[in-house]
Amino acid sequence: MDELFISLGGTELLDEVGQLWEQLNAHHISHSPHFPEQYVRKTFAARKAALLGKANGSVGVILALNAEGIPVSYCICTVQDRIGEIDSLYVLPGYRSCGLGDLLMRMALAWLTEHGVTRTRLTVAAGNEQVFGFYAKYGFYPAKTVLEQEE
């Protein structure tokens with residue numbers, strides 16, 4: 001495994017996660033059982049704008065870079081009205097199963113605690129349920145299922 005460097009910052013790091021976010025979005029497109037077109041329409045520019053809209057709260061970005069300075073993993077978390085959210089977490093396939101996701105998740109939860117959250121949540125896209133076990137290690141469990149009509 002390459003040596004990794006971790007950066008913790010705010011909205012100034014958002015552009016660094018763009019390519020990784022695109023890969024996560026492609027994952028959702030290929031795994032969504034009913035709504036892949038919703039992910040096809042999503043762009044990183046729109047996602048970045050939505051996160052910047054949350055900036056009146058707080059936005060935390062944790063970015064892992066390999067020895068060449070290439071982003072290999074990220075986690076974005078936000079706080080609004082003392083509610084924390086793990087907005088997005090992605091690890092490149094070649095960097096999985098080495099504890100990187102665990103490190104980013106622990107850092108995100110610590111960041112949220114430092115920002116005074118009273119409750120923390122995250123959303124898992126339909127078709128990506130295999131991550132439930134990962135999130136259960138941090139006390140996150142399915143609370144409800146939201147159903148939507150197809151267009």
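Let's start with Ser88 and Tyr74. Their side chains make a polar contact, at 2.5 Å. Keep in mind that this is a predicted model, and the distance is computed from it.

Where does Ser88 sit? It belongs to strand S4, which covers residues 83-91. Buried or exposed? Ser88 is buried, because its relative accessibility is 8%, and the cut-off for buried is under 20%. Who touches Ser88? Leaving out residues up to four places away in sequence, the list is Trp21, Leu24, Tyr74, Cys75 and Ile76. So much for Ser88.

Cys75 is on that list, and that brings me to the cysteines. How many disulfides does the structure hold? Zero. As a reminder, a disulfide is a covalent bond between the sulfur atoms of two cysteines. Why does Cys77 not form one? Its closest cysteine sulfur is in Cys75, 5.2 Å away, and that is too far for a bond. The cut-off here is 2.5 Å between the sulfurs. Cys98 has its closest cysteine sulfur in Cys75 as well, at 15 Å, so again the gap is too far for a bond.

Now their surroundings. Cys77 is buried, because its relative accessible area is 1%. Cys98 has 38% relative accessibility, so it counts as partly exposed. If you are thinking about thiols, those are the two values to take from this model.

Next, Asn25. This residue is in helix H1, residues 18-31. Asn25 is buried, because its relative accessibility is 5%. What does its side chain meet? A polar atom of the Asn25 side chain lies 2.8 Å from the backbone oxygen of Tyr39. Beyond residues up to four places away in sequence, Asn25 touches Tyr39 and Lys42. Tyr39 therefore turns up twice for Asn25, once through its backbone oxygen and once as a contact, with Asn25 itself counted as buried because of that 5%.

Last, the sheet. Five strands form an open sheet, in the order S1-S2-S3-S4-S5, with mixed pairing. Which strands stand at the edges? S1, residues 5-9, and S5, residues 119-122. Each has a single partner strand, so one side of each is left without a neighbour in the sheet. On average, neighbouring strands are turned by 20° against each other, direction ignored.

Take S1 and its partner S2, residues 58-65. The two run antiparallel, and five bridges join them. Which residue is the bridge partner of Ser7 in S2? Leu63.

And S4, where Ser88 sits, is part of that sheet order too.

How values were computed:
Residues numbered from 1 in each chain as written. Predicted model: local features only at pLDDT ≥ 70, side-chain atom pairs only at ≥ 80, totals over all residues. Heavy atoms only, no water. Helix = DSSP H or I, 4+ residues; strand = E, 2+ residues; numbered from the N terminus. Buried < 20%, exposed > 50% of the residue type's maximum accessible area, 1.4 Å probe, protein only. Polar contact = N/O pair within 3.5 Å; in protein donor to acceptor, adjacent residues only side chain to side chain. Contact = heavy atoms within 4.5 Å. Pairing = 2+ DSSP bridges. Axes fitted to C-alpha atoms, helices over the stretch in contact; angles between N-to-C directions.
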